[in-house]
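The exercises below ask for a careful reading of a single protein model, taken one step at a time. Each task is followed by a worked solution.

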Amino acid sequence: GAGGVGKTRLATQIAGEIAGDYPGGIWYVDLVPITDPALVTVATSRSLGLPDQPGRSNVDTIVDCIADRRMLVLFDNCDHLIDACAALFDTLLAACPALTLLATSREPIAVAGEQIRRVSPLAVESQAVELFVDRARLARPEFSVVGDDAAAVCEICRRPDGMPLAI
């Protein structure tokens with residue numbers, strides 16, 4: 001999905017809803033601040049709370065930590081690190097049979113077994129207006145859309161093409 005469409009929010013909501021299926025826990029890897037592809041494994045290791053182990057690669061440390069644990073790792077914002085993520089994902093999935101990965105990106109990661117779910121902008125006349133009203137009520141609980149306000153709210157939601165972050 002495009003930037004601002006709600007991929008992170010959707011992924012974290014899904015992870016929260018299925019948390020009970022993963023006795024090994026759910027872990028979150030934020031890749032936004034990472035600019036060097038070589039640091040994807042470092043960020044992953046840190047997110048898992050693993051210490052550096054002299055003489056061992058981060059990948060080996062991660063694989064040993066996960067091993068056969070049934071766990072979910074959510075990699076958020078893989079867009080700018082697709083190749084590094086794909087290499088790490090291939091390694092982890094091959095070595096850790098009970099591991100599930102959930103990744104957000106603007107494009108596919110292209111690893112075996114990948115299932116892609118596209119996230120589209122909100123429908124303006126329904127979902128986008130509902131989001132607008134929900135957010136407006138956070139500032140003014142009495143807010144409601146009545147009369148001429150409906151056309152104005154629809155126009156506000158239409159201008160950013162129903163993108164949740166913009167709304």
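**Exercise 1.** Establish whether aspartate 161 is buried, partly exposed or exposed, and describe its backbone and its place in the chain.

*Solution.* Because the relative accessible area of aspartate 161 is 56%, and exposed means over 50%, aspartate 161 counts as exposed. The structure is a predicted model, and this value, like those that follow, is computed from it. As for the backbone, the phi angle of aspartate 161 is near 60°, which is a positive value in a residue other than glycine. Its place in the chain is the segment after helix 6 (149-158).

**Exercise 2.** Carry out the corresponding analysis for alanine 67, stating its phi angle, its location and its exposure class.

*Solution.* Begin with the backbone: phi of alanine 67 is near 45°, again a positive value in a residue that is not glycine. Next, alanine 67 is found in the loop that runs between helix 3 (58-66) and strand 2 (71-76). Finally, the relative accessible area of alanine 67 is 32%, and because buried means under 20% and exposed over 50%, alanine 67 is classed as partly exposed.

**Exercise 3.** State how many salt bridges the model contains, and examine the pairs formed by arginine 46, arginine 140 and glutamate 155.

*Solution.* Taking a side-chain nitrogen of Lys or Arg within 4 Å of a carboxyl oxygen of Asp or Glu as the criterion, the count comes to 7 salt bridges.

- Arginine 46 and aspartate 52 meet through their side chains, with an N to O distance of 3.1 Å; arginine 46 is partly exposed, its relative accessible area being 43%.
- Arginine 140 pairs with glutamate 142, and their closest N and O atoms are 3.1 Å apart. Arginine 140 is partly exposed at 47% relative accessible area, whereas glutamate 142, at 56%, is exposed.
- Glutamate 155 pairs with arginine 159, where the closest N and O atoms are 3.0 Å apart. Glutamate 155 is partly exposed, with a relative accessible area of 32%, while arginine 159 is exposed at 66%. Through salt bridges that share partners, Glu125, Glu155, Arg158 and Arg159 are joined into one network.

**Exercise 4.** Describe the largest pocket by its volume, its lining residues, the elements that contribute to the lining and the classes of its residues.

*Solution.* The volume of the largest pocket is about 800 Å³. Its lining consists of 29 residues, and those that lie nearest the centre are Leu102, Ala103, Gln115, Ile116 and Arg117. Two or more lining residues are given by each of helix 1 (7-17), helix 4 (82-95) and strand 3 (99-103). Sorted by class, the lining of the largest pocket holds 17 nonpolar, 6 polar and 6 charged residues.

**Exercise 5.** Describe the second largest pocket in the corresponding way, and identify the element that supplies the largest share of its lining.

*Solution.* The second largest pocket contains about 560 Å³ of space. It is lined by 20 residues, with Val5, Gly6, Lys7, Arg9 and Pro164 lying nearest its centre. Helix 1 and helix 5 (124-139) each supply at least two residues of this lining, and the largest share, 5 residues, comes from helix 1. The class division of the lining of the second largest pocket is 8 nonpolar, 7 polar and 5 charged.

Terms used:
Residues are numbered from 1 along each chain as its sequence is written. This is a predicted model: local features need pLDDT of at least 70, side-chain atom pairs count only at pLDDT 80 or more; totals for chains, interfaces and linings use all residues. Side-chain values use heavy atoms; hydrogens and water are left out. On a 1 Å grid over the protein atoms alone, a cavity is a set of points where a 1.4 Å probe fits but cannot get out, and a pocket is an open set with protein on both sides within 12 Å along at least five of seven lines; lining residues have an atom within 4 Å of a point. Grid points are joined across faces, edges and corners, and a volume is the space filled by probe spheres set on the points. Helices (H or I, at least four residues) and strands (E, at least two) are DSSP runs, numbered from the N terminus. Ala, Val, Leu, Ile, Met, Phe, Trp, Tyr, Cys and Pro count as nonpolar, Asp, Glu, Lys and Arg as charged, and the others, Gly among them, as polar. Buried means under 20% relative accessible area, exposed over 50%, partly exposed in between (1.4 Å probe, protein chains only).
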